Amino acid sequence: MAELWDLTAVDLAARIAAREVSPVDAVQASLDRIAQVNPQLNCFCFTFPERTLAEAEALAGEEPRGPLHGVPIAIKDLTPTKGDRTTLGSFSHEHHVPDHDSVIVERLRAAGAIVVGKTTTPEFAYSSFTRSPLWGPTRNPWNPALNPGGSSGGSAAAVATGCVPLAEGTDMGGSVRIPASYCGIVGLKPSFGRIPLDVVPSSWDTIHHFGPLARTIDDARLFLRATVGVDDRDALSMTETMDFSQPVPGDATGLRVALDVDLGDYVVDPQVEREVRAAAAALADAGAIVEEVELGWTREVADAWGEHWSVYLAAWFGDTLPEYGDRMDPTVKRLIEHGFKLDAVTFKRLELVRQAAWEQLAAVHRDFDALLCPTMAQLPLPIDTDEYAQYRTEPDGRYFALDMTSQFNFTSPCPALSVPAGWSDESLPVGLQIVARKHRDDLALRIGRAVELVRPWADRRPPI
């Protein structure tokens, strides 16, 4: 019989509902696994053993509250949880204790989930490496010398190693999909507004998303079932509803998917390309129609997102610079200072790049259900790598970069899902990114489930 920590969220929830497993046993198994894993990987900055075991004891005597009754989960150290320190990975918020739960935490608790801890994030969730001045580096579960991705790297490492079957992440440039790719799990940036977001001072920007980090497609679906739906705390949250109550179908027959391995100008590691092409071929063998396309994007799209991100950081966290700048991640400080220098007209003109990118992606979606590409152009790097030195123009004019995700936050109404495509020669996971049509989260999940059936990954666990 499988260890409790090795069960999927769907399986664990079903066993708890059938009273085959107690919430107390589920939470204890989670806490025991965290105690085993965290000293090696540093994926949790806080855990709450006494409280969560008491909550589990209370739930054990109740009728099921919802689809996650008694299931242990983790929340990123960016997302408010009432009464718990939420540091954003920064000395500027080292002792910050929110007086409220974020809407997503409210909904997860209402569905019966038990928050066993908070997971590490880089400062202000700015990076695709999870390391911060406050908490230090988080390590990749497949090779602890390497980066697990970011900024939801703590959540991804926690799910990959069985510390929790589900974890929450935020995604403003790939922060759910990047660590999902590097940790060999599922990560979804839902359609913009599908899950109300209230972790920043304004809800009027359109690049930010909550999303699940999960072991399987159906676990991600269970997370969505508990969290989607309009809430006026997020003025742009979607009023359109989608039913996530049933398991995700995985029939690939008749699906039309486009493949663009390099998005026009990326340098893609040969092993990444090999596994992404193999996953696309497996989909075709399963009945999907797969065609290669040229999306037509250039580096201009990624660069425009980078400018937008600098202004975002300056607007929401720039006020911490005078007091805490000398204890900040130097790259965060540089990005904030750059954001302050951008004038309003230059910032507004970024929308012209964004509009052109949208039109090109929409043209692909007129003929195809989704676009396939790598999640990450490169395999995970050592944890002490200078991340931003990796972004450069090669002599042949191509773009050498790590992620292939941030542009899809500029086309935010389209859900973007990362699933394991395969494995490198060194047994490192390679992510496939599935970008479905506007608001078609169901299509993204269906294609992801089809990949899961033809190239299974859930039975592979890191050697830890």
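Let's start with helix H4 in this predicted model: its buried residues are Val-103, Ile-104, Val-105, Arg-107, Leu-108 and Arg-109. That makes six of the eight residues in the helix, which spans residues 103-110, so H4 is largely enclosed by the rest of the structure. What do the buried residues of H4 pack against? The list mixes helices and strands: helix H3 (49-60), strand E2 (72-76), strand E3 (114-119), strand E6 (166-171), strand E8 (209-214) and helix H7 (217-227). Just after H4, Gly-112 takes a positive phi of about 100°.

Four of those packing partners, E2, E3, E6 and E8, also turn up in an open sheet of 11 strands. Reading across, the order is E1-E3-E2-E6-E8-E7-E14-E15-E11-E9-E10, with mixed pairing. At the edges sit strand E1 (44-47) and strand E10 (289-292), each of which pairs on one side only. On average, and ignoring direction, neighbouring strands here are turned by 30° against each other. For a closer look at one pair, take E2 and E3, which run in the parallel sense and share five bridges. One of the bridge partners to look up is Lys-118 in E3, which is matched with Ile-75.

Now for the nonpolar interior. As a general point, nonpolar side chains in soluble globular proteins tend to be buried together. Here, the largest nonpolar core has 119 residues, and those touching the most other members are Leu-68, Leu-108, Tyr-266, Ile-336, Leu-371, Val-419 and Leu-432. Helix H9 (residues 299-317) gives this core its largest share, nine residues. Leu-108 is a familiar name, being one of the buried residues of H4. As for Val-419, leaving aside its neighbours within four places in sequence, its contacts include Ile-185, Val-186, Ile-217, Leu-432 and Trp-457. Apart from the largest core lies another one of 26 residues, with Ile-114, Ala-157, Val-176 and Cys-183 among them.

How many disulfides does the structure hold? Zero. Two cysteines, Cys-43 and Cys-45, can be compared in the table.

| Cysteine | Closest cysteine sulfur | Relative accessible area |
|---|---|---|
| Cys-43 | Cys-163, 4.6 Å | 0%, buried |
| Cys-45 | Cys-43, 9.9 Å | 13%, buried |

Why is Cys-43 not bonded to Cys-163? Because the two sulfurs are 4.6 Å apart, too far for a bond, given that a disulfide needs them within 2.5 Å. Cys-45 is in no disulfide either.

Conventions. Residues numbered from 1 in each chain as written. Predicted model: local features only at pLDDT ≥ 70, side-chain atom pairs only at ≥ 80, totals over all residues. Heavy atoms only, no water. Buried < 20%, exposed > 50% of the residue type's maximum accessible area, 1.4 Å probe, protein only. Helix = DSSP H or I, 4+ residues; strand = E, 2+ residues; numbered from the N terminus. Contact = heavy atoms within 4.5 Å. Core = buried A, V, L, I, M, F, W, Y, C linked by side-chain atoms within 4.5 Å. Pairing = 2+ DSSP bridges. Axes fitted to C-alpha atoms, helices over the stretch in contact; angles between N-to-C directions.
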